[in-house]
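Colleague: Before we talk through this model, could you put the sequence and the coordinates side by side for me?

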Amino acid sequence: MLPVETLHKIFKLKQIKWLGSWEGVFSMLLLNAIKFKEKRKMKIAKNKTAAITIAILLTISMAASMMLIPNTSAHTPAWNIPTYAYIVAAPSPIGVGQAAHVYMWLDCVYGAAGGTTTALATPMNGSTASASLLSNNYRFQNYNLTITAPDGTVTTQIFAVISDTTSSQYVTYTPSQVGNYTLVFTFPGQVYGANGNGYEKSSLINDTYLASSATTTLNVQQEPIPAAINSYPLPEAYWTHPIYGENTDWWSISSNWLGSGSAPPGGVSSSGSMSTMYHNDAIGPLTSHVMWTKSLQFGGVVGGNQFVAGGSNPNGAVPGAQYFEGSSYAPRFYNPIIINGYLFYTEVASFTGSPIMGGSATGPTDCVDLRTGQVLWSRMDVPQLSFGYIYNLYDPDQHGVYPPIIVASIGGGLTGLPAMLEFFDAYTGDSLFNVTNVPSGTTVMGPSGEQLRYVVANAGTPANPSYYLQEWNSSKLWLYDINPYGGGGSLSPSVINASNGALIQQLPIPITGETGTLPNGASIFVPYGSSITINANIGSAAGLAASSANPTTTYDWNISIPFANTMPLTYMSYMGMLIPLGAFTVVAANYNDMMLCRNGSLPTGFAATGTGTAQGPYTYFGVNLNASRGAIGSVLWMKTYDPPAGNITVNSEPVDFQTRVFTFDYGETLQWVGYSLDTGNMLWGPTTPQKSFDYYGYPGTVSLPAVIAYGNLYCSSFSGICYCYNDLTGKLLWTYGNGGEGNSTYAGLQVFYGDYPTQIQSIANGVVYLATNEHTMPNPFYKGCTYRAINATDGTEIWQLSGYPSEWSTPGSEWATADGFIACMNGLDNNIYSIGRGPSATTVTAPNVGLSFGTPIVIKGTVMDISAGTTQTTQAADFPNGVPCSSDASMKDWMGYVYQQKPLPTNFTGVPVTVDVLDSNGNYRNIGTATTDATGTFRLTWTPDIPGNYTVVASFAGTNGYWPSNSEDGFNVMEAPSATATPTPAPASMADLYFMPLSIGMIIVIVILAALVALSMIRKRP
């Protein structure tokens, strides 16, 4: 029966659509009865006949509707649905050769108002949800765009399927002529449901969307309009998070470090013990400048002399012993994570907490600002973290990266709890939900930041196997847009609680509680503090799929791989038992590319097993993961290799999916070999053996630790030499550590090995970060342990800093490297160090009194380090006037002096300061450069050359260690005093000119004659 309001509207608009002749008749009768009722409203109590009539008509109408409407919900005759077409071309006007944006759409949404239905037993193509949402692929078709250029040239483009669910189509068009272009959008009309393009139970089946068209004009001029701003410039001063949304290009100077539990960004390697030490988007520091330090535990030298001979140390008395720093197997600073400029780590408690040995750090988990060390939160209810998760969501309702999540691995073992992941909000540390039944497999990072795991599962038995390859997708722990129970849309990312199937939309559960939806559509109240658990292992058969596009399954696909069914099983020996591992092992994988797999065991020599093992052939093969290249799961190539001669241990090493190379090392001979990822053929090797001490390069195995980056293989180990090989050719490009000044790890008598053992800690932005590192340090430590950064291209040393990490290079001990900083621990004081480019502050002063012109002046000022660490208690006391900035060349020794109680360096150099003036004539000019001293002070003497007011500007341009800063002051130079004028003599008279000189001359002559006479008389006297 039609609603009363609808009947009113239909009657007034005269647009009655007859669903059936009897229903139309009864609808009109009903409307007349209602109008009669309204006219007699005040008398209805007295008129029983009208009430009875209405009741009869209502009953007949309901019965007729039930009898006459077909089961398919269609109607006869079919409707002709008017459409309204729209087209916009923008911007207009636009310049020749510039791309215009063209939008076309209809007012109707295909299938809208078609109704919903309950879930079918076998859902097909979205039959379980509204036909107007993303629950299907039913779409408008054959939009026609005709463009007529100013010269009459006509171009036509037809869009076969309109993928956008709002019936919109977007395209760009680049005009080549000046003048007006005419754009016509034509919709040819379409029958809903034709050729299967429709929801089979929709009431719109066989209805026709009528044709329509629209026209617009694009004005094109010769002059281009201003280009769009893609981003504002990169920063030229110290910056912090958040990065303002219009600074798009700043992505290139910022980054995250998601921890050892996350696959690094793709294309390099998902194999090898050190694969997580290189993130191809990471940004590390070009300086050893310390931003701040934070104590983890008591560290450094223990005071007193209580450790005498006869104790646990067989070497006798141990004066100057230092506190335990974590080597070996009990790191104090394990698996740090950096997200959005914040550092996440879990503190240790006492001596315990060994994640490497299967335990975990037992202290609180902290979130601190990477640049300042300021604590955002610290929580005991957040356990040891495994990885960070940042997912870029793009659906019809939400576009953007969702708030980051940090994830801990909990349960399992003897805990009595199932092994699971616990998800927390990164900004607050609040618990979100737990995830159980996460399948094991080879993890790679997907295109939107999701974790993908390639899982090999046997659906049969060991005797009669039936292997499948599956792609598990972490982003499918959530549901997007489609409500799988009600079929509605605009669903914010939600989860399904495994215990009762309740759909939960708000996490964490607010203090007021949350209302969930059960599978039957009923509501359920979820109290604050409720534990939500998600089942991560939902196959497509078990899932309540809303559609093929949006299933509740947690897998992308599940494909039979019959080639594996005939492979012999691979076994692992454990405590005298042989444990079957399956038909093959996935060595490495790359999203939308391939998997590198192995059947059989790699050869092991006597040193690797202690017993000797018979060596046999082993098989490697490639499996396709790219549908455009062929069937997913198909074998690309397969090669069987014989073991090398000499009972040598062969170790699987990193894989480079960019240069298409996979590598092995030969344990006993310390050599490398490389093979093609595309054919399995050997490309190069064995290489020249590395130095002998590299035999001890990796804990518990005879293998070489290596990282692949930039098309190179980097290996640094116990010999103290970092080797760089081209991984495509095997050529040794350079070594570091065995050269002279600036390329040496020589230790002399400090260590009995002769060189400092040096291992890779991370690789980022073209820099290899190294540290003195070994299995277990002697106590007291030997002197000279060093952090180093070297150029990844040529091995040139960039910086050094005194330090020793907490644990040698193993997964979890990587240096968190992001945003231009390194977060690491120094075992020499058990402090966390944040290392990177810091802020500076420049001051300048000039004489504040008027100066006489021509007087030299002294311009002076300071350039100081204002990083957060300079305000720490010790540093503030040691440097009450502030910490001066150091040159890059002096940074190692200066940071040792400021933060590590090292002596004041005798060769300290400061930073250059440029001094400019704006004179009274408006001229801006440079007057000189000065360099700061160990107090941070600079001085420049200069003589102003014109009078008037001056502005003086002191500028520090910045270095690798500090961001730029500047300051200004002013002074005045007075006008020079005027010179005293010489009086002009009066004109001389004639007497002055002639008589006076003549008289004076006669007098002189008389005097001379008198003198001569007197002299003559004296001589004549007897």
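Modeller: A residue is called buried under 20% relative accessible area, exposed over 50%, and partly exposed in between. Please keep in mind throughout that this is a predicted model.

Colleague: With those cut-offs, is Asp381 buried, exposed or partly exposed?

Modeller: The side chain of Asp381 meets that of Arg379 in a salt bridge, at 2.8 Å from N to O. Its relative accessibility is 42%, and because values between 20% and 50% fall in the middle class, Asp381 counts as partly exposed.

Colleague: Which other side chain meets Arg379 in a salt bridge, and how many residues apart are the two?

Modeller: Arg379 has a relative accessibility of 21% and therefore counts as partly exposed. The second salt bridge, at 2.6 Å from N to O, joins Arg379 to Asp430. This pair links distant parts of the chain, with Arg379 in strand S16 (residues 375-379) and Asp430 in the loop between strand S21 (420-425) and strand S22 (431-436). The partner asked for is thus Asp430, and the two lie 51 residues apart.

Colleague: Strands S21 and S22 also belong to a sheet, so what is the strand order there?

Modeller: The sheet is open, with five strands and mixed pairing. Strand S17 (385-389) and strand S31 (533-535) stand at its edges, each with a single partner strand, so one side of each has no neighbour in the sheet. Neighbouring strands are turned by 25° against each other on average, direction ignored. The order is S17-S20-S21-S22-S31.

Colleague: Within that sheet, which residue of S21 is the bridge partner of Val407?

Modeller: Strand S20 (residues 405-410) and S21 run antiparallel and are joined by six bridges. In S21, the residue that partners Val407 is Phe423.

Colleague: What order do the strands of the four-stranded open sheet follow, and which residue is the bridge partner of Ala706?

Modeller: The four strands pair in the antiparallel sense, in the order S43-S44-S45-S46. Strand S43 (706-709) and strand S46 (732-736) are the edge strands, each pairing on one side only, and neighbouring strands are turned by 20° against each other on average, direction ignored. S43 pairs with strand S44 (residues 712-716) over four bridges. In S44, the bridge partner of Ala706 is Cys715.

Colleague: Turning back to charged pairs, which residues are joined into one network with Arg660 and Asp678?

Modeller: The structure holds eleven salt bridges, and one of them brings together the side chains of Arg660 and Asp678, at 3.2 Å from N to O. Arg660 lies in the loop between strand S39 (650-656) and strand S40 (661-666), and Asp678 in the loop between strand S41 (671-676) and strand S42 (682-684), so the pair ties together parts that are 18 residues apart in sequence. Arg660 counts as buried at 17% relative accessibility, whereas Asp678, at 44%, counts as partly exposed. Through salt bridges that share partners, the network also takes in Asp593 and Arg629.

Colleague: Which elements do the buried residues of helix H6 pack against?

Modeller: In helix H6 (residues 891-899), the buried residues are Met891, Trp894, Met895, Gly896, Val898 and Tyr899. Just after H6, Gln901 takes a positive phi of about 60°. The buried residues of the helix pack against strand S12 (290-295), strand S50 (797-802), strand S53 (831-836), helix H5 (873-878) and strand S56 (883-884).

Conventions: Residues numbered from 1 in each chain as written. Predicted model: local features only at pLDDT ≥ 70, side-chain atom pairs only at ≥ 80, totals over all residues. Heavy atoms only, no water. Pairing = 2+ DSSP bridges. Axes fitted to C-alpha atoms, helices over the stretch in contact; angles between N-to-C directions. Buried < 20%, exposed > 50% of the residue type's maximum accessible area, 1.4 Å probe, protein only. Contact = heavy atoms within 4.5 Å. Salt bridge = Lys/Arg side-chain N within 4 Å of Asp/Glu carboxyl O.
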